[in-house]
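Morning, everyone. Please pull up the model on your screens, and we'll walk through it together.

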Amino acid sequence: MRRAVCPGSFDPVTLGHLDIVARASRLYDVVHVAVMVNTSKRGLFDVDERIALIEECTAEYDNVIVESFHGLLVDYCKQREIPAIVKGLRAVSDFDYELQMAQMNNGLSGVETLFIPTNPVYSFLSSSLVKEVAAWGGDVSHLVPGPVLDALRGRLDRR
Ligand code: PNS
């Protein structure tokens with residue numbers, strides 16, 4: 001069984017993330033979407049909300065598993081016998097940090113990182129920008145799936 005993980009913060013998941021998950025799900029038998037918990041960073045959505053949104057948005061893929069993990073990505077991979085990390089690369093600006101993490105993870109445990117070039121339609125897209133634009137009332141309906149749009153509206157209305 002060929003397994004891979006798509007890790008991230010997913011606060012919240014965007015159409016760019018979902019494009020990478022969909023493409024990974026066609027390449028691997030099982031794709032784990034791992035919401036990595038960063039205790040020093042308070043998100044707009046808590047981890048359970050992020051998971052619920054990703055599950056709703058990936059329900060059509062029967063080989064995608066969504067879960068959270070508190071710890072190192074290499075430990076997540078080791079525990080589940082996952083040999084590959086799949087990441088989207090948006091632009092050259094992503095490359096330095098992604099290369100650093102890929103080399104660190106490979107050095108720690110031998111896990112490989114594979115990069116999928118992001119669909120150019122999403123090359124500028126990030127969860128942070130979505131939150132900022134949405135917070136100021138900008139239209140992000142073309143950047144996030146419906147359930148995330150609803151969740152953003154609900155969350156930002158209450159502020
Ligand atoms: O969506 P993000 O915030 O760009 O994802 C970054 C993430 C969560 C994949 C990365 O920070 C990570 O792997 N965190 C888990 C902790 C860890 O393994 N750190 C060492 C990375 S070399």
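The ligand sits in the largest pocket. Keep in mind that this is a predicted model.

So what surrounds the ligand? Going along the chain, start with Pro-7, Gly-8 and Ser-9. Then come Met-36, Gly-71, Leu-72 and Leu-73. Lys-87, Met-101, Met-104 and Asn-105 complete the shell. Taken alone, the ligand exposes 550 Å². The protein buries 68% of that.

Which element gives the largest share of this shell? Helix H4 does, with three residues. H4 covers residues 92-109. Strand S1, residues 3-8, also supplies at least two residues.

Now the character of the shell. Six of its residues are nonpolar. Four are polar, and one is charged.

Next, two polar contacts. Look at Ser-9 first. An N or O atom in the Ser-9 side chain is 2.5 Å from an oxygen atom of the ligand. Now turn to Leu-73. Here the backbone takes part: one of its N or O atoms lies 2.8 Å from a ligand oxygen.

Let's leave the ligand and go to charged pairs. How many salt bridges are there? The count comes to nine. One of them joins Lys-131 and Asp-11. Their closest N and O atoms are 2.8 Å apart. This pair links distant parts of the chain, 120 residues apart. Lys-131 is in helix H5, residues 127-135. Asp-11 is in the loop between S1 and helix H1, and H1 spans 15-27.

That's the tour. Over to you for questions.

Definitions and conventions. Residues numbered from 1 in each chain as written. Predicted model: local features only at pLDDT ≥ 70, side-chain atom pairs only at ≥ 80, totals over all residues. Heavy atoms only, no water. Near = heavy atom within 4 Å. Polar contact = N/O pair within 3.5 Å; in protein donor to acceptor, adjacent residues only side chain to side chain. Areas by Shrake-Rupley, 256 points an atom, 1.4 Å probe, with all protein chains shown as cover. 1 Å grid on protein atoms, 1.4 Å probe; cavity = no way out; pocket = protein on both sides within 12 Å on 5 of 7 lines; lining within 4 Å. Sits in = over half its atoms within 2 Å of the grid points. Helix = DSSP H or I, 4+ residues; strand = E, 2+ residues; numbered from the N terminus. Nonpolar A, V, L, I, M, F, W, Y, C, P; charged D, E, K, R; others polar. Salt bridge = Lys/Arg side-chain N within 4 Å of Asp/Glu carboxyl O.
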